[in-house]
Amino acid sequence: GDLLVERDAWFEREARFMGPVRLEGPTEIRSDLLVERDAWFEREARFMGPVRLDGPTEIRGDLFVERDAFFGGEVRLDGPMTRIRGDLLVEHNAFFDGEVRLVGPITEPKHATSKEYVDDRYIENRVRIDQARADSLDQYDDNRQRIDHARDESHALHHENRVRIDQARADSLDQYEDNRQRIDHARDESHALHHENRVRIDQARTDSLDQYDDNRQRIEAAQQSLQAKPAARVAALANVDLQNASPEIDGVTLAAGDRVLLAGQANAAENGLYVADANGALTRAGDFDNANEIDGGAHLFIQEGSQAGQGYVLADLGENFELGTGELSFSRFTVDPTQSLELGNDLNVAGEAHLDGPRTRIGGDLLVERDAWFEREARFMGPVRLEGPTEIRSDLLVERDAWFEREARF
């Protein structure tokens, strides 16, 4: 682009400028110089190599050119001294305001208006025209041969393509008929398969509805059996006469309607949850008198006696269990401030729950209808529903849904 130097400029090697050049201080270039656009030299300019300036040039100081100088545009040299040691060629006007010293030869061309110049140019142009005509005729014959050859090749290629098109049309018709037959066959197979699948889907829907009803009954029975049973007033860990129970069990005087847990009968099939009548006889409780109502994991708490506050959970019953002949075994679990609470199934607490143990783990549902406190880590494998204020003072992990009806503090 543009070059502007406001002070001295030295170029030790070749200099080439594609845009305008303006040098306002003394300039010395020790190798070739080429400027393709305008050039201004405000002060002395010294060029050690050939100079080529293609645009208008103005030098306001001395000019020294040690080799040839070519000026493609108008030249204005305003300095007191211009010295060029090689050839000087100026294609446009030249203005020299000071002394001009040309050391190299000066050749003056023929004037463009002289007869000698015109004759020379005529002969030269005549020779060029004759040569161009001869070249044109040779080129014409060559082009004519190429055109004829291209036409013959085009005709041959047209015939070949015509044969290919006719063959492709015949093949296409054959392929169309073949595809038509395949499509008809595929449609027939699709209709047959659709009918077959329709029959299977209808049968599967019927089977699914039957299975759904069966599963629904099993789920409802399992849910009923897994729910925490209402608390028993007292628990008997030794054998008790069912027809004539002592008026007092574990220090608690029974009243009609009291729920009693028998967990130590000599015949383990008699274990279970009972209700006392006015005559001291014990009969199975209404929520524990059918095999469909109970299952392993059913649990309850004891209200009075030496087992007060203790929980008992029913062991797994195994397959084909029958109430009255199959053995029932209960295990005790304790909600103790110094122990962990671990349940494999649901836990329902109708009142407040205050658990101080180092860890609480419940594998089934947890429902607390009033306040709940967990002093240490609590881990719940099933859904949790806490309807009163809740405070958990250590880690909490709930693997299923969690509901907190009131304030929750962690």
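Leaving aside neighbours up to four places away in sequence, Phe 47 is in contact with Ile 29, Leu 33, Phe 41, Leu 63, Phe 64, Val 65 and Glu 66. The model in which these contacts are found is a predicted one, and the description that follows moves from this residue to the core around it, then to the strands, and finally to a loop in a later part of the chain. Phe 47 belongs to the largest nonpolar core, a set of 23 residues in which Leu 33, Phe 41, Phe 47 and Leu 63 have the most contacts. A second core, separate from this one, has 16 residues, and among them are Leu 273, Ala 298, Tyr 312 and Phe 321.

For the chain as a whole, the secondary structure consists of one helix and 38 strands. The protein chain has 410 residues, of which 29% count as buried, and it exposes about 26,000 Å², with carbon and sulfur atoms supplying 46% of that area. Among contacts between residues at least 6 apart in sequence, 19% join residues that are at least 24 apart.

Phe 41 leads from the largest core into the strands. Strand E7, residues 39-41, pairs with strand E4, residues 21-23, in the parallel sense and over three bridges, and within this pairing Phe 41 of E7 is the bridge partner of Leu 23. Both strands are part of an open sheet of six strands, whose order is E1-E4-E7-E10-E13-E16 and whose pairing is parallel. At the edges of this sheet stand strand E1 (3-5) and strand E16 (94-96), each of which pairs on one side only. Neighbouring strands of the sheet are turned by 0° against each other on average, when direction is ignored. In general, the strands of a sheet pair through backbone hydrogen bonds, in either a parallel or an antiparallel arrangement.

Further along the chain, strand E21 takes part in pairings of both kinds. With strand E18 (residues 234-236), E21 pairs in the parallel sense over three bridges, and here Val 260 of E21 is the bridge partner of Val 234. With strand E22 (residues 272-276), by contrast, E21 is joined by four bridges and runs antiparallel, and Val 275 in E22 is the bridge partner of Arg 259. Both faces of E21 are covered, since Arg 259 and Leu 261 on one side and Val 260 and Leu 262 on the other are all buried.

The loop between strand E20 (252-253) and strand E21 (259-262) holds Gly 257, and Asp 258 also lies in the loop between E20 and E21. Which of the classes buried, partly exposed and exposed fits Asp 258? With a relative accessible area of 14%, Asp 258 is buried, because the limit for that class is under 20%. Gly 257, at 45% relative accessibility, counts as partly exposed, because this value lies between the 20% limit for buried and the 50% limit for exposed.

The side chain of Asp 258 makes a polar contact with the side chain of Arg 233 at 2.5 Å, and it also reaches the backbone nitrogen of Ala 255, at 2.7 Å. When residues up to four places away in sequence are not counted, Asp 258 touches Arg 233, Thr 253, Tyr 274, Val 275 and Ala 276. On the same basis, Gly 257 touches Val 275 and Ala 276. Gly 257 and Ala 285 are 28 residues apart in sequence, and their C-alpha atoms are 9.5 Å apart in space.

Another loop, the one between strand E19 (248-249) and E20, contains Asp 250. Asp 250 has a positive phi of about 55°, although it is not a glycine, and its relative accessibility of 33% places it among the partly exposed residues.

Towards a later stretch of the sequence, strand E33 (residues 377-380) has two faces that differ in cover: Ala 378 and Phe 380 form the covered face, whereas Glu 377 and Arg 379 form the uncovered one. Three bridges join E33 to strand E36 (residues 396-398), and the two strands run parallel. In this pairing the bridge partner of Ala 378, a residue of the covered face, is Leu 396 in E36.

Methods. Residues are numbered from 1 along each chain as its sequence is written. This is a predicted model: local features need pLDDT of at least 70, side-chain atom pairs count only at pLDDT 80 or more; totals for chains, interfaces and linings use all residues. Side-chain values use heavy atoms; hydrogens and water are left out. A nonpolar core is a set of buried Ala, Val, Leu, Ile, Met, Phe, Trp, Tyr and Cys residues joined through side-chain atoms within 4.5 Å. Buried means under 20% relative accessible area, exposed over 50%, partly exposed in between (1.4 Å probe, protein chains only). Contact means heavy atoms within 4.5 Å. Two strands pair if DSSP finds at least two bridges between them. Axes are lines fitted to C-alpha atoms, for helices over the stretch in contact, and angles run from 0 to 180 degrees between N-to-C directions. A polar contact is a pair of N or O atoms within 3.5 Å; within protein, one must be able to donate a hydrogen and the other to accept it, and residues adjacent in sequence count only if both atoms are side-chain atoms. Accessible areas come from the Shrake-Rupley method with a 1.4 Å probe; for residues, only the protein chains shown count as cover.
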